[in-house]
Structures are given as structure tokens and as C-alpha cells.
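Work through the exercises below with the sequence and the coordinates at hand. Each task is followed by a solution in steps.

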Amino acid sequence: MMNDLKCPYCGNEMVEMNEQGTDKYRCKTCGKTFGLKSNEAVRDCHTFNFTYGGFHGGFKTILIEERDGFADMTLTPPIGISIDGEMKLRITLNEWQAIKDELFNELFILSWDEEYTDPDIMDGTQWDLKIKFDNRKKFKTGGSNAFPNRFDELLEYLDPYFEQVGAEENS
């Protein structure tokens, strides 16, 4: 888990508790609020789907779907790295809870914009992130060659899961 509280909009660490509204924090630099005061999103989230890559290197995907008493994780490495195409793991609800805590309470992904695009780059990196909930609207964000402020931290957090697919292929 990340220890440094940073604004998901500008990345600044000058953050304070927000006394008003439904958001938990307010950035002293950009003035935007973020972070839910309740853990409703964490509790109600049942599906996480993230795809990342580009034309030349292929796309890797992680899909987590909560089931009754556990969660299924499906990892798909870029084409050319894997012959079988995907790796399925069963994770505990505690591990799934820790992932959701990281996504919502450390990276504040629900504060990310709907789209990030740099029109000046033709090829490059595309990404897509979708989250489904029981009692709220689906959240979707993505981009092409442009990223939210905390995107690198998301990649760093998910990297050990993607490395499992590569290790499986090399054994």
C-alpha cells in the first residue's frame, strides 16, 4: 500500500481533510476534492478490468470478478509472451479487499477523468479501466498516450500480478 497521500489530479502532497461534502480530502494546491468518506464503493465493487499496452508490444489485461466467497483473477499477457493466452487464479476475498482498498483509498481512481488523450502521438500506449458495482453506475476511464497523475503507481501495484504470468511461461 502507498503511504504518501497525493492528490490524484495534480500529484501534490499538500492535502487536508475536507470538512464538507461527500469527499474525504481536499488538495491545497489545486483545490479539488477526492476520496469517498464512506467505503460504499469498496464494498459494492464486484468487477475490475484493466487493459494496458500498445500496437508493437501487445496488450496485457487483468480481470478480477468477485464470486460467492472468493474472487477469480484472469491475467492475459501480451501476444507473443504467452502460448496459452491467459492465466486464471483464485484469490481470497481478503486479497480482493486489499486490491480495492488500494484502488479507491490510495490511488483514488474514482477521481480520474473519463478520458486521457494526447492527439500528437500516433502509436504508443493505450489503456482502459472499467469497474462494476452492485448499487452504483459503472466507472470507466481510459486513454491513448496520456495518463492520470497516479497512473504509474497503478502499474507498479499491478506489476507483481502480471509478473506471475511471465514466471509461469518461463518455468
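The exercises concern a predicted model and go from the whole chain to a sheet, a helix and a set of aromatic rings.

**Exercise 1. The chain as a whole**

Task: State how many helices and strands the protein chain has, and in what order they run.

Solution. Step 1: the count gives 3 helices and 10 strands. Step 2: read from the N terminus, the order is β-β-β-α-β-β-β-β-α-β-β-β-α. Step 3: the chain has 171 residues, and 40% of them count as buried. Step 4: the accessible surface is about 9,700 Å², with 46% of it on carbon and sulfur atoms. Step 5: take the contacts between residues at least 6 apart in sequence; 51% of these join residues at least 24 apart.

**Exercise 2. The sheet and its edges**

Task: Give the strand order of the 7-stranded open sheet and explain why β7 and β8 each have one side without a neighbour.

Solution. Step 1: the order across the sheet is β7-β6-β5-β4-β9-β10-β8, with mixed pairing. Step 2: β7 and β8 (115–117) are at the edges and have a single partner strand each, so one side of each lacks a neighbour in the sheet. Step 3: on average, neighbouring strands are turned by 5 degrees against each other, direction ignored. Step 4: for β7 (residues 87–91), the partner is β6 (residues 71–76), joined to β7 by 5 bridges in an antiparallel arrangement. Step 5: to fix the register, note that Leu75 has Met87 as its bridge partner, and that Thr74 stands opposite Lys88.

**Exercise 3. The two faces of β7**

Task: Which side chains of β7 are buried, and which are not?

Solution. Step 1: in a regular strand, side chains alternate between the two faces of the sheet. Step 2: in β7, Met87, Leu89 and Ile91 point to one face and are buried. Step 3: Lys88 and Arg90 point to the other face and are not buried. Step 4: for Arg90, the charged end sits over the ring of Phe70, 3.6 Å from the ring centre. Step 5: helix α2 (residues 93–106) lies across β7 as well as β4 (45–54), β5 (58–66), β6 and β9 (126–133), and runs at about 65 degrees to β4.

**Exercise 4. Helix α3 and the aromatic rings**

Task: Describe how Phe151 pairs with Phe50 and with Trp112, and say whether these residues are buried or exposed.

Solution. Step 1: the whole structure contains 13 aromatic pairs. Step 2: Phe50 and Phe151 form a tilted pair, 6.1 Å centre to centre with 55 degrees between the planes. Step 3: this pair connects strand β4, which holds Phe50, to helix α3, which holds Phe151, across 101 residues. Step 4: Phe50 is buried because its relative accessibility is 0%, and Phe151 is buried with a relative accessible area of 1%. Step 5: Trp112 and Phe151 are also tilted, at 6.4 Å between centres and 45 degrees between planes. Step 6: Trp112 lies in the loop between α2 and β8, 39 residues from Phe151, and is buried at 4%. Step 7: one aromatic cluster takes in Phe50, Tyr52, Trp112, Tyr116, Trp127, Phe147 and Phe151.

**Exercise 5. A contact from α3**

Task: Which residues does Leu155 touch, not counting those up to four places away in sequence?

Solution. Step 1: Leu155 belongs to helix α3 (residues 151–170). Step 2: Leu155 touches Phe50 and Tyr52. Step 3: Leu155 and Tyr52 are 103 residues apart in sequence, with 9.1 Å between their C-alpha atoms.

Conventions:
Residues numbered from 1 in each chain as written. Predicted model: local features only at pLDDT ≥ 70, side-chain atom pairs only at ≥ 80, totals over all residues. Heavy atoms only, no water. Buried < 20%, exposed > 50% of the residue type's maximum accessible area, 1.4 Å probe, protein only. Helix = DSSP H or I, 4+ residues; strand = E, 2+ residues; numbered from the N terminus. Pairing = 2+ DSSP bridges. Axes fitted to C-alpha atoms, helices over the stretch in contact; angles between N-to-C directions. Contact = heavy atoms within 4.5 Å. Areas by Shrake-Rupley, 256 points an atom, 1.4 Å probe, with all protein chains shown as cover. Phe/Tyr/Trp six-rings, centres within 6.5 Å; stacked < 30°, edge-to-face > 60°. Lys NZ or Arg CZ within 6 Å of the ring centre and 35° of its normal.
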